[in-house]
Amino acid sequence: MSKTINPKNIKFFEAEKETLKRLQGLKINCFCISESNDFKPTKKAPLIHTAGGSYSCPDIIAYQNNKPFFVEVKYRDKTIIYNGAEELAINKSNYLKYLEIEKQTGAPVWLAFYHPNQSGNPSDAIIYIFLINEYSREWDGVNSKTGQKITNTTASIMYDLRTAKRLILPLKNVIKTFI
């Protein structure tokens, strides 16, 4: 019996592949963890073992100018509007995990939010990228007008797109860095 891949996983792997392609296009040496399994789901993510504990490895391990860093890729098909600003978010528990990885390894963690284009072509997607600790606000999941809890997560860390960098392939013969 053949196993079918969850459509949600296909989207995430598409996001990882496109993010990897753009990083490599910027002449950044990097490796996507899921590449080792041909971009197919695994039972568990590989762990980073540190003196402070073991943590799931972010999606991409990279080096630029002999400096290591990590990139965690998130697939988001819509933004959140708050006080007129567009935002993207991660769960606070994930945020704290990535901060700990940064602290334990000394390597910065970047968040890449893959936002697909209506065309469906991955190369048309926008990829917003932020340093993990450059967030704009924390949200407790409660509607500020009604007081009703509208999300199951304890809190979310919100990233304002006005402060985003975009991960794009360089024009021919142009090499740029985002670090």
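Strand E4 spans residues 60–64 and has two unlike faces. Ile60, Ala62 and Gln64 lie on the covered face. Ile61 and Tyr63 lie on the uncovered one. In a regular strand, side chains alternate between the two faces of the sheet. The model is predicted.

E4 pairs with two strands, listed here.

| Strand paired with E4 | Residues | Sense | Bridges |
|---|---|---|---|
| E1 | residues 29–32 | antiparallel | four bridges |
| E5 | residues 67–75 | antiparallel | five bridges |

Tyr63 appears in both pairings. Towards E1, Tyr63 is the bridge partner of Asn29. Towards E5, Tyr63 stands opposite Pro68. Tyr63 also belongs to the uncovered face of E4.

What do E4 and E5 form, and how many residues lie between them? They form a hairpin, with two residues between the strands. Asn65 sits in the turn. Its phi is positive, about 55°.

Now to a helix. Helix H1 covers residues 7–25, and Glu18 has its place there. Is Glu18 buried or exposed? Glu18 counts as buried because its relative accessibility is 6%, and the cut-off for buried is under 20%.

The side chain of Glu18 has a polar partner. It makes a polar contact with the side chain of Arg22, at 2.9 Å. Which residues does Glu18 touch beyond its neighbours within four places in sequence? Glu18 is in contact with Tyr114, Pro122, Ser123 and Ile127.

Notes. Residues are numbered from 1 along each chain as its sequence is written. This is a predicted model: local features need pLDDT of at least 70, side-chain atom pairs count only at pLDDT 80 or more; totals for chains, interfaces and linings use all residues. Side-chain values use heavy atoms; hydrogens and water are left out. Buried means under 20% relative accessible area, exposed over 50%, partly exposed in between (1.4 Å probe, protein chains only). Two strands pair if DSSP finds at least two bridges between them. A polar contact is a pair of N or O atoms within 3.5 Å; within protein, one must be able to donate a hydrogen and the other to accept it, and residues adjacent in sequence count only if both atoms are side-chain atoms. Contact means heavy atoms within 4.5 Å.
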